[in-house]
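Me: Please take a close look at the salt bridges for me, and set each one in its surroundings. I would like a connected account rather than a list.

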Amino acid sequence: MHSHQPCPPCPPRPNPPNTYIHLRAILSTTQSPITIGAHCIIGEKAITGQQQTENDGEENAEERGVVLEDHVTIEPSAIVEASRIGTGTVVGVGARIGKGSVVGKFCKINALCTVAPYETIPDHTVIYGHNERRVDRSGMEELRMRSVEQQVEVLKRPEFAVRKK
């Protein structure tokens with residue numbers, strides 16, 4: 001006879017107020033905690049959370065963790081292992097934010113772009129094309145934040161809920 005041991009309980013899935021997390025988004029909290037601010041959107045198949053590597057030990061435990069500040073959008077299939085993503089930042093489809101990196105406020109990491117592990121990206125940086133960079137001086141921060149709030153409102157409507165057959 002096989003004796004089955006129950007699995008330890010999974011940590012609760014973070015669900016902050018006014019935030020939309022797609023049912024197929026992966027929040028990996030096995031190696032480190034994830035803190036999600038208000039009015040965030042995490043898209044389908046997006047992976048958020050740090051994965052442990054061979055070089056990680058208990059001495060690095062305090063450095064682990066992912067913090068998404070308010071009004072952050074993680075688009076579908078993006079991978080975020082950053083320590084911090086600043087307010088109003090958008091991580092594009094399929095983009096990869098390396099482990100331990102810090103992305104400033106109101107940044108835009110476009111589709112399929114990469115931020116290297118432990119890299120720091122200044123506020124208002126746009127990464128596009130083949131990881132080219134420029135600074136966004138448009139001054140549209142308030143408008144962008146209101147736009148994300150409206151988008152969350154729409155995504156939380158019952159007609160967007162997953163229906164069981």
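Reply: Buried residues account for 41% of the 165 residues in the protein chain, where buried means under 20% relative accessible area, exposed means over 50%, and partly exposed covers what lies in between (1.4 Å probe, protein chains only). Please keep in mind that this is a predicted model, in which local features need pLDDT of at least 70 and side-chain atom pairs count only at pLDDT 80 or more, while totals for chains, interfaces and linings use all residues. Residues are numbered from 1 along each chain as its sequence is written, and side-chain values use heavy atoms, with hydrogens and water left out.

First, the setting. The protein chain has one helix and 17 strands; these are DSSP runs numbered from the N terminus, helices being H or I with at least four residues and strands E with at least two. The accessible surface of the protein chain is about 10,100 Å², and carbon and sulfur atoms hold 54% of that; such areas come from the Shrake-Rupley method with a 1.4 Å probe, and for residues only the protein chains shown count as cover. If we take contacts (heavy atoms within 4.5 Å) between residues at least 6 apart in sequence, 26% of them join residues at least 24 apart.

Now to your request. A search of the whole structure finds five salt bridges, each defined as a side-chain nitrogen of Lys or Arg within 4 Å of a carboxyl oxygen of Asp or Glu.

Let us begin with E69 and R84, whose side chains meet in a salt bridge at 3.0 Å, N to O. This pair links distant parts of the chain: E69 is in the loop between β6 and β7, R84 is in strand β9 (residues 84-85), and the two are 15 residues apart. E69 counts as buried because its relative accessible area is 17%, whereas R84 is partly exposed because its value is 36%. The E69 and R84 side chains also make a polar contact at 3.0 Å. That term stands for a pair of N or O atoms within 3.5 Å; within protein, one must be able to donate a hydrogen and the other to accept it, and residues adjacent in sequence count only if both atoms are side-chain atoms.

What else surrounds E69? Leaving aside neighbours within four places in sequence, E69 is in contact with G37, C40, R84, I85, G86, T87 and K105. One of these, C40, is buried because its relative accessibility is 0%. C107 is another buried cysteine, given its relative accessible area of 2%. Even so, the structure holds zero disulfides, a disulfide being a pair of cysteine sulfur atoms within 2.5 Å.

The next pair is R96 with E81, whose side chains meet in a salt bridge at 3.2 Å, N to O. R96 belongs to strand β11 (residues 96-97) and E81 to the loop between β8 (79-80) and β9, so this salt bridge ties together parts that are 15 residues apart in sequence. E81 is buried because its relative accessibility is 8%, while R96 is partly exposed because its value is 38%.

E81 also leads us towards the nonpolar interior. Beyond its neighbours within four places in sequence, I97 is in contact with I79, V80, E81, A82, I85, V91, V103, I109 and V115. I97 is one of the residues, along with I42 and I74, that touch the most other members of the largest nonpolar core, which has 26 residues. The elements giving two or more residues to this core are β3 (34-36) and β6 (66-68). A nonpolar core here is a set of buried Ala, Val, Leu, Ile, Met, Phe, Trp, Tyr and Cys residues joined through side-chain atoms within 4.5 Å. In soluble globular proteins, nonpolar side chains tend to be buried together.

Finally, look further along the chain to R144, which forms a salt bridge with D136; the closest N and O atoms are 2.5 Å apart. D136 counts as buried because its relative accessibility is 12%, and R144 counts as partly exposed because its relative accessible area is 33%.

To pull this together for your next look on screen: E69 is buried at 17%, E81 is buried at 8% and D136 is buried at 12%. Their partners R84 at 36%, R96 at 38% and R144 at 33% are partly exposed.
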